[in-house]
Amino acid sequence: MSPQGDGNLSVMSLPEFVLDGFEGGPQTQALLFALFLAPYVVAVLGNITMMVVITLDARLHSPMYFFLKNLSFVDLCYSSVIAPKALVNFLSSSKVITFEGCIIQFFFFALLGTTEALLLAVMAYDRFVAVCSPLHYPITMCPSVCARLVLVSYCGGCLNSIMQASFTFTLPFCSSNHINHFFCDVPPLLKLACADTTTNELVMFGLCGFFIMDTTLVVLVSYGYITVTILRMHSGGGRHKLFSTCGSHMTAVSLFYGTLFVMYAQPGAVESMEQGKVVSVIYTLVIPMLNPLIYSLRNKDVKDALWRLGQRHTAT
């Protein structure tokens, strides 16, 4: 079906969307390309390095590093769902994405983003058990329990993704096919709908609020107990090591949950699309880049493992 006379598009004429991205001429787009490429390359190299080091170094075969390896995998996939398409669009005059491509991109974006939020909560619980109940830790966090916790994280991400995608992509899109964003996300898509989106907004705020608030509560309670336990320690060295490890995790958690809350879990988030684009860059590119740096530079075990891997490579 062809566009209607008033310039709008009918529901049947939306086999594809156009990702408007950021405004600006060719020079601005080239600059944005460089600004996106640098953190994406660091994110890919950093997260692959973390996965390789944790896999190859037997001393890192513990629950904490099992979760960290899964976090690195999620971060790698998470940034790769968004960055490559955005980079291509910066250098292309055609910023088209098919309707099916938009669904797929959003599905994996929502799945991986929710999974990361749940994984961060699982990692906080792991630290809580390790610090506050060290004698029971090997039993409580045995390999089967760790595997189930990771599986639950992925299942939670899949559930949220399916529900969000189902509510969003069954809307009639007839006002325009231009998405005011650099990837397919719920807030800009709701702007294109020619039907009442109140239910969709409530679903988005409800689901995102549920996952963000529940996981944040787990993190805060876990680290509350951890802080009290560390302060009661008499060993200064042990206290410093635990604060260093837990501080790394809290830094990653604060960045991730903070940006998600600003974007999805507050009324009015849908209205501020320009702010949303900047916030989206933080949690789709900057955080996946920072996580491996945070966990490696502030973690003596990881730095030692990197050194041992380097020595082994040099020796061969």
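## A buried ring in helix H3

Phe 106 is buried, its relative accessible area being 2%, in what is a predicted model rather than an experimental structure. Its ring pairs with that of Phe 169 in a tilted arrangement, with 6.0 Å from centre to centre and an angle of 55° between the planes. The contact brings together distant parts of the chain, since Phe 106 belongs to helix H3 (residues 99-132) and Phe 169 to helix H5 (residues 143-169), with the two positions 63 residues apart in the numbering. Phe 169 is likewise buried, with a relative accessible area of 11%.

A further aromatic contact joins Phe 182 and Phe 183, whose rings meet edge-to-face at 5.1 Å centre to centre, the planes standing 65° apart. The assignment follows from the angle, because planes over 60 degrees apart count as edge-to-face. Both Phe 182 and Phe 183 are buried. These two contacts are among the 20 aromatic pairs that the structure holds.

## A charge over a ring

Phe 22 takes part in a contact with a charged side chain: Lys 277 lies over the face of this ring, at 5.8 Å from the ring centre.

## The disulfide and other cysteines

Which cysteines form a disulfide? The partners are Cys 102 and Cys 184, with their sulfur atoms 2.0 Å apart, and the count for the structure comes to 1 disulfide. In general terms, such a link is a covalent bond between the sulfur atoms of two cysteines. The value about the S-S bond is -125°, which makes the link of Cys 102 and Cys 184 left-handed. This pair also connects distant parts of the chain, with Cys 102 in helix H3 and Cys 184 in the loop between strand S3 (178-179) and helix H6 (186-192), 82 residues apart. Both Cys 102 and Cys 184 are buried, and for Cys 184 the relative accessibility is 0%. The C-alpha atom of Cys 184 is separated by 5.5 Å from that of Phe 106, although these positions lie 78 residues apart along the chain.

Why does Cys 146 not bond with Cys 142? The closest cysteine sulfur to that of Cys 146 is in Cys 142, and it is 6.8 Å away, which is too far for a bond, because a disulfide requires sulfur atoms within 2.5 Å. Cys 146 is buried, with a relative accessible area of 2%, whereas Cys 132, at 29% relative accessibility, counts as partly exposed.

## Salt bridges

The count comes to 2 salt bridges. In one of them, the side chains of Asp 57 and Arg 308 meet with a distance of 3.0 Å from N to O. Asp 57 sits in the loop between helix H1 (26-56) and helix H2 (63-90), while Arg 308 is in helix H10 (residues 300-315), so that the pair links distant parts of the chain, 251 residues apart. Asp 57 is buried, with a relative accessible area of 5%.

The salt bridge of Asp 126 with Arg 127 has its closest N and O atoms 3.0 Å apart. Asp 126 and Arg 127 are both buried. As a general matter, side chains of opposite charge can pair when their charged atoms come close.

## Surface positions

Leu 37, Val 41 and Leu 45 make a nonpolar surface patch of about 240 Å². Val 41, which is found in helix H1, is partly exposed, with a relative accessible area of 37%; this value allows Val 41 to belong to the patch, because patches are made of residues with over 30% relative accessible area.

Is Ala 147, at 39% relative accessibility, buried or partly exposed? Ala 147 counts as partly exposed, because that value is neither under 20% nor over 50%. Its place is in helix H5, and its C-alpha atom is 9.4 Å from that of Pro 63, a residue 84 positions away in sequence.

## The chain as a whole

The secondary structure of the protein chain comes to 10 helices and 3 strands. Read from the N terminus on, the elements run β-α-α-β-α-α-α-β-α-α-α-α-α. Of the 316 residues of the protein chain, 48% count as buried, and the buried residues include Phe 106, Cys 146 and Asp 57.

Conventions. Residues are numbered from 1 along each chain as its sequence is written. This is a predicted model: local features need pLDDT of at least 70, side-chain atom pairs count only at pLDDT 80 or more; totals for chains, interfaces and linings use all residues. Side-chain values use heavy atoms; hydrogens and water are left out. Rings of Phe, Tyr and Trp (its six-membered ring) pair if their centres lie within 6.5 Å; planes under 30 degrees apart count as stacked, over 60 as edge-to-face and the rest as tilted. Helices (H or I, at least four residues) and strands (E, at least two) are DSSP runs, numbered from the N terminus. Buried means under 20% relative accessible area, exposed over 50%, partly exposed in between (1.4 Å probe, protein chains only). A charge sits over a ring if NZ of Lys or CZ of Arg is within 6 Å of the ring centre and within 35 degrees of the ring normal. A salt bridge is a side-chain nitrogen of Lys or Arg within 4 Å of a carboxyl oxygen of Asp or Glu. Patches are made of residues with over 30% relative accessible area and no salt bridge: like charges are joined within 9 Å, nonpolar side chains (Val, Leu, Ile, Met, Phe, Trp, Tyr) within 5 Å. Accessible areas come from the Shrake-Rupley method with a 1.4 Å probe; for residues, only the protein chains shown count as cover.
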